[in-house]
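Q: Please take a close look at one part of this structure, for a reader who has not met it before. From that part, please go on to the surrounding elements.

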Amino acid sequence: MIKKLLLGSAFTAMSFTACAHNHSATEQAFNPDTQRIKSHLFFLADDLLEGRDTGSRGHEIAALYIATEFAKYGLKPAGTDGYIQNVTFRKANLVQASPSFTLRRGDDTIDFAYPKEYLAGPSLLNTEAAVSGEMVFVGYGIVADELSHNDYSDIDVEGKIVVTLAGKPSDFPSEEGAHFASGYQKQKYAADRGAVGMITITTPKNEKVRPYQSRLSYIHTPRMAWLNENGEPANSFPQIKGGAYMSEAAARKLFEGAPRSLDEVYAELEADKVPAGFALPGTVDISKTSTHDVITSPNVVGVLEGSDPELKDEYVVFSAHSDHIGFAKTVKKDNINNGAMDNASGTSVMLETARLFSEMKEKPKRSILFVSVTGEEKGLLGADYFARNPTVPVTSMVANVNLDMPILTYEFADVIAFGANHSDLQASVEKAAANADIELSPDPWPDQALFTRSDHYAFVKQGVPAVFMVPGLKSKDPNVDGSKVFGQFLSTHYHKPSDDVNQPFNWKAAETFTKVNAQIGLTLANQEEKPMWNEGDFFGNTFSKSK
Ligand SMILES: [Zn+2]
């Protein structure tokens, strides 16, 4: 899972006894083999795989392992080269000594200091990036007709550098808001209107969530994008030549002599008003140097062919990311981020799900596609590549079930299905949960908009209804508080070397989670009608394609 997300620090001796399977065949169609799940997980999270960073040898070994398992189960290869779909990425690093940002206003010249006063990410487009021009403040820089919001009405930004507030208006719903306030959308609104650069300024609210100071730890982080057949980075806007992210103090200087000061703008935000835009005095020159590398990294795709002569041309898609974040830079002793929960666990559950389907005597009616994606930790890149360069028509994908970072350390009494509220997938999840004697709980963190933050969202953006499944926070054991366990995982082990095989796994939890996911897949593959977005759903309306 990318960004902000959590296991007890207790070191528990692993038990290697296999679970007993005593359910009758009528009661449970699927009998996961937890010994297999454990084996997959222990292999994928082994130190030998060096944290499975996108493009690394360790991740290549993980991909080969997954392809080999697919072959064992008799899945048909559904990549572009057997099971493999190689993705070409550009990786951009910022030359730290290079950023320059000068404001000229009347007789004044102000040189802003990097990184103390502003941040500049590496450019994926140009090794030498530079932009000069006048500035226009455009509020949040969002155009959301559905929410009757347009920060660009009556403002001309042609050839100008737009100055936007980080984030979104406080009255925007969380998930829709995450869409409108994404960096991609904000750049799109600006580029569509002829802007040539974008400066983002922090806000008091934003400082509480992600302080400018905390961003300084990430200035060496490379940026990545997949390259299309012309060698151009996806999801980028060549017209936007440059930009910066400014601290509060530095941004205050930009607004000197403007119709309103930055503090007046902040006061409007405090009063839940949407600040109107205006031109800012002076001109700026912003430039930076980046280095570019090309790397390739595989998605792995296998298909279990459906049994119905017509419905087999439709696909239920399971996805789980196999990449993680490689070596930790700041830790000396154990510096391998093994990603046992993130996402060796989800991948292992997906592999066992694929095996269970392959062993069914009566195959499901629709085909089932298993996609192990790369580059999730770099911004859902492998999934985005697959959804936009699919090996089966995207309009034939009826639903996506995504597994990312299931915390498998306690017997949970519920599951969470991010996105279930947007489509009739909710009914299938409820049924599958009931079948495993647990329940479906609503999203416990609606403010986090997790629906937009894992690989399924790449499918959503191509119109495919999706759910992102994780175990819920209710525990069957009165002595275990699921919320606490999850919180501890996030604060102590998430994206750290301690997310490794020493986590106190509970294999019964892995079994239940596999059962639920397999059952969801089976329901979706066999139901007469294909899953539908809810009537009038924002994501359905925004992204669905005519089928
Ligand atoms: Zn992650």
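How many residues lie between β3 and β4 in the hairpin that they form, and which residue in the turn has a positive phi?

A: There are two residues between β3 and β4 in this hairpin, and the turn residue with a positive phi, of about 60°, is G106. The model is a predicted one, in which local features need pLDDT of at least 70 and side-chain atom pairs count only at pLDDT 80 or more, while totals for chains, interfaces and linings use all residues. Residues are numbered from 1 along each chain as its sequence is written, and side-chain values rest on heavy atoms, with hydrogens and water left out.

Helices (H or I, at least four residues) and strands (E, at least two) are DSSP runs numbered from the N terminus, and two strands pair if DSSP finds at least two bridges between them. In the hairpin, β3 and strand β4 (residues 108–111) are joined in the antiparallel sense by four bridges. One position on this side is T102, which stands opposite D111 of β4. β3 (residues 100–105) also pairs with strand β13 (residues 278–304), again antiparallel, through five bridges. Here F101 has I286 of β13 as its bridge partner.

Beyond the hairpin, the loop between β4 and β5 (118–119) holds P115. The peptide bond that leads from Y114 into P115 is cis, with omega near 0°. Most residues other than glycine have a negative phi, and most peptide bonds are trans. A cis bond with omega near 0° also links D342 to N343, and N343 belongs to helix α9.

Positive phi values are found in residues other than glycine too. E50 has a phi near 50° and sits in the loop between α1 (34–44) and α2. Residues are called buried under 20% relative accessible area, exposed over 50% and partly exposed in between (1.4 Å probe, protein chains only). With a relative accessibility of 37%, E50 is therefore partly exposed. A449, which is not a glycine, has a positive phi of about 45° and is placed in the loop between β18 (439–441) and α12 (456–460). Its relative accessibility is 4%, so A449 counts as buried.

On the far side of β13 in sequence, G306 occupies the loop between β13 and β14 (315–321). Its relative accessible area is 10%, and G306 is therefore buried. G306 and T409 are 103 residues apart in sequence, and their C-alpha atoms are 34 Å apart in space.

The pair of helices α2 and α9 comes next. Two packed helices are described by the angle between their axes and the distance between the axes. The axes of α2 (residues 57–72) and α9 (residues 340–358) come within 10 Å and cross at roughly 15°; such axes are lines fitted to C-alpha atoms, for helices over the stretch in contact, with angles running from 0 to 180 degrees between N-to-C directions. The two helices are therefore roughly parallel, a term for angles under 35 degrees, as against over 145 for roughly antiparallel, 65 to 115 for roughly perpendicular and oblique for the rest. The crossing of α2 and α9 is right-handed, meaning that the near helix is turned clockwise from the far one by less than a right angle.

The expected span of a helix is 1.5 Å times one less than its number of residues. For the 19 residues of α9 this gives 27 Å, which agrees with the 25 Å between its end C-alpha atoms. Because 19 of the 19 residues of α9 are buried, the helix is largely enclosed by the rest of the structure.

Helix α14 (residues 507–526) has 20 residues and reaches 28 Å from its first C-alpha to its last, close to the expected 28 Å. Of its 20 residues, 18 are buried, and α14 is thus mostly covered. Its N-terminal end is capped by N506, with a side-chain oxygen 3.0 Å from the backbone nitrogen of K508.

Strand β17 (residues 414–418) is mostly covered as well, with five of its five residues buried. From β17, D414, I416 and F418 point one way, whereas V415 and A417 point the other way. β17 runs parallel to β18, to which three bridges join it, and the bridge partner of D414 in β18 is E439.

Technical notes
A polar contact is a pair of N or O atoms within 3.5 Å; within protein, one must be able to donate a hydrogen and the other to accept it, and residues adjacent in sequence count only if both atoms are side-chain atoms.
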